[in-house]
Amino acid sequence: GSHRQGGGSHDGSVVGGDADGGDWREFVLFGSGATTRQAPKTRAWIQEHIPDAVQLAEQGGGEVIFSVLAPRTKIAPHCASTNIRWTAHLGLITPP
């Protein structure tokens with residue numbers, strides 16, 4: 001599967017799927033590589049309601065991102081090189 005370059009670039013090695021799946025894309029909202037053109041309403045909501053996450057990302061402590069997984073994508077269990085931060089995932093659109 002494909003994955004962005006940067007802090008989580010090793011994550012691409014944990015993506016798999018069948019012949020029709022296996023793609024993981026990320027759009028950085030805050031942090032390294034962020035662009036203000038993506039998801040302006042979501043960015044504003046996050047800035048208002050989770051300012052600590054924005055501040056941490058802007059100081060180099062990670063990113064706030066949208067991850068988009070193609071159908072039938074499988075992500076193997078994995079971890080980062082350290083346990084200094086926590087990653088949380090919230091599924092916005094999930095299969096039944």
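Modeller: Accessible areas come from the Shrake-Rupley method with a 1.4 Å probe, and for residues only the protein chains shown count as cover. This is a predicted model, in which local features need pLDDT of at least 70 and side-chain atom pairs count only at pLDDT 80 or more, while totals for chains, interfaces and linings use all residues. Residues are numbered from 1 along each chain as its sequence is written, and side-chain values use heavy atoms, with hydrogens and water left out.

Biologist: How much area does the protein expose, and what share of it do carbon and sulfur atoms supply?

Modeller: The protein exposes about 7,200 Å², of which carbon and sulfur atoms supply 56%.

Biologist: Which residues meet in a salt bridge?

Modeller: A salt bridge is a side-chain nitrogen of Lys or Arg within 4 Å of a carboxyl oxygen of Asp or Glu. By this rule the count comes to one, and the side chains that meet are those of Asp23 and Arg25, at 2.7 Å from N to O.

Biologist: Is Arg43 buried or exposed?

Modeller: Buried means under 20% relative accessible area, exposed over 50%, and partly exposed in between, with a 1.4 Å probe and protein chains only. Arg43 is buried yet has no salt bridge, and the nearest side chain of opposite charge, Glu58, is 5.6 Å away; Lys and Arg count as positive and Asp and Glu as negative, while His and the chain ends are not counted. Arg25, by comparison, is partly exposed, with a relative accessible area of 47%.

Biologist: Which residues does Arg43 touch?

Modeller: Contact means heavy atoms within 4.5 Å. Leaving aside residues up to four places away in sequence, Arg43 touches Leu29, Phe30, Thr35, Thr36 and Gln38.
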